[in-house]
Amino acid sequence: MLSYVFRYKFSFLLAILIALLSLVPSSSMPDSRLFSIRFLDKFVHCAMYASIGFVALIESRCQSRCVRYHMLLLLLLFIMSAAIEVLQATVVATRSAEWFALIANFLGLAAAYFAFQVFKRLGVFKTLKF
């Protein structure tokens with residue numbers, strides 16, 4: 001178990017950061033005109049989960065014939081995102097769960113997988129040393 005923590009250290013750090021950002025009360029967020037942009041929060045959801053998905057796929061160190069392993073990894077990240085949405089609805093008084101946020105999370109993970117496959121086909125990961 002501890003070997004997975006060290007192997008996926010950046011993914012775990014990103015997961016903690018995403019959980020903290022998602023569960024902080026909205027009343028403690030700074031006021032800004034930026035937050036009034038329509039659907040900005042969905043783009044942020046998509047970017048956060050694309051980031052964690054891409055990092056986790058890189059940290060998996062599995063680049064050939066690993067479709068099932070990668071799908072399991074992304075499924076676990078999606079389950080984490082769903083759990084955070086449930087916690088937003090039940091624990092944090094000033095937050096609510098949204099289906100569109102969950103869809104944005106899924107699209108971010110799908111984008112991460114697509115980007116990973118493109119970079120893999122381009123041979124970018126052959127120069128990385130794990």
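**A guided tour of a five-helix model**

From the N terminus on, the elements of the protein run α-α-α-α-α. The model is a predicted one. With the whole chain displayed in cartoon form, the secondary structure comes to 5 helices and 0 strands. Of the 130 residues of the protein, 30% count as buried. Among the contacts with a separation of 6 or more, 78% are accounted for by residues 24 or more positions apart.

**First stop: helix H3**

Select residues 40–59, which form helix H3. At 1.5 Å a residue, the 20 residues of H3 should span 28 Å, and the end C-alpha atoms are 29 Å apart, which agrees. Next, show the side chains that H3 buries: Lys42, His45, Met48, Tyr49, Ile52, Gly53, Phe54, Ala56, Leu57, Ile58 and Glu59. Against which helices do the buried residues of H3 pack? Colour helix H1 (2–7), helix H2 (9–23), H4 and H5 to see these partners. Then move to Arg61, which follows H3 and has a positive phi, near 60°.

**Second stop: helix H5**

Select residues 99–122 for helix H5. The 24 residues of H5 should span 34 Å at 1.5 Å a residue; the end C-alpha atoms of H5 lie 35 Å apart, in agreement with that value. The buried residues to highlight in H5 are Ala101, Leu102, Ala104, Asn105, Gly108, Leu109, Ala112, Tyr113, Phe116 and Gln117. These buried residues of H5 pack against H3 and H4. Just after H5, select Gly123, where phi is positive at about 80°.

**Third stop: H4 against H5**

Keep H5 in view and add helix H4, residues 67–90. At what angle do H4 and H5 pack? The angle is about 155°, and the axes of the two helices are 10 Å apart. Because angles over 145 degrees count as roughly antiparallel, H4 is roughly antiparallel to H5. The crossing of H4 and H5 is right-handed.

To display the contact itself, select Val67, His70, Met71, Leu74, Leu77, Phe78, Ser81, Ala82 and Glu85 on H4. On H5, add Ala101, Leu102, Asn105, Phe106, Leu109, Tyr113 and Phe116. Colouring this selection by residue type separates 12 nonpolar, 3 polar and 1 charged residues. As a general point, an α-helix has 3.6 residues a turn, so residues three or four places apart point the same way.

Conventions: Residues numbered from 1 in each chain as written. Predicted model: local features only at pLDDT ≥ 70, side-chain atom pairs only at ≥ 80, totals over all residues. Heavy atoms only, no water. Axes fitted to C-alpha atoms, helices over the stretch in contact; angles between N-to-C directions. Helix = DSSP H or I, 4+ residues; strand = E, 2+ residues; numbered from the N terminus. Parallel < 35°, antiparallel > 145°, perpendicular 65-115°, else oblique. Left-handed = near helix turned anticlockwise from the far one by under 90°. Contact = heavy atoms within 4.5 Å. Nonpolar A, V, L, I, M, F, W, Y, C, P; charged D, E, K, R; others polar. Expected span 1.5 Å × (residues − 1). Buried < 20%, exposed > 50% of the residue type's maximum accessible area, 1.4 Å probe, protein only.
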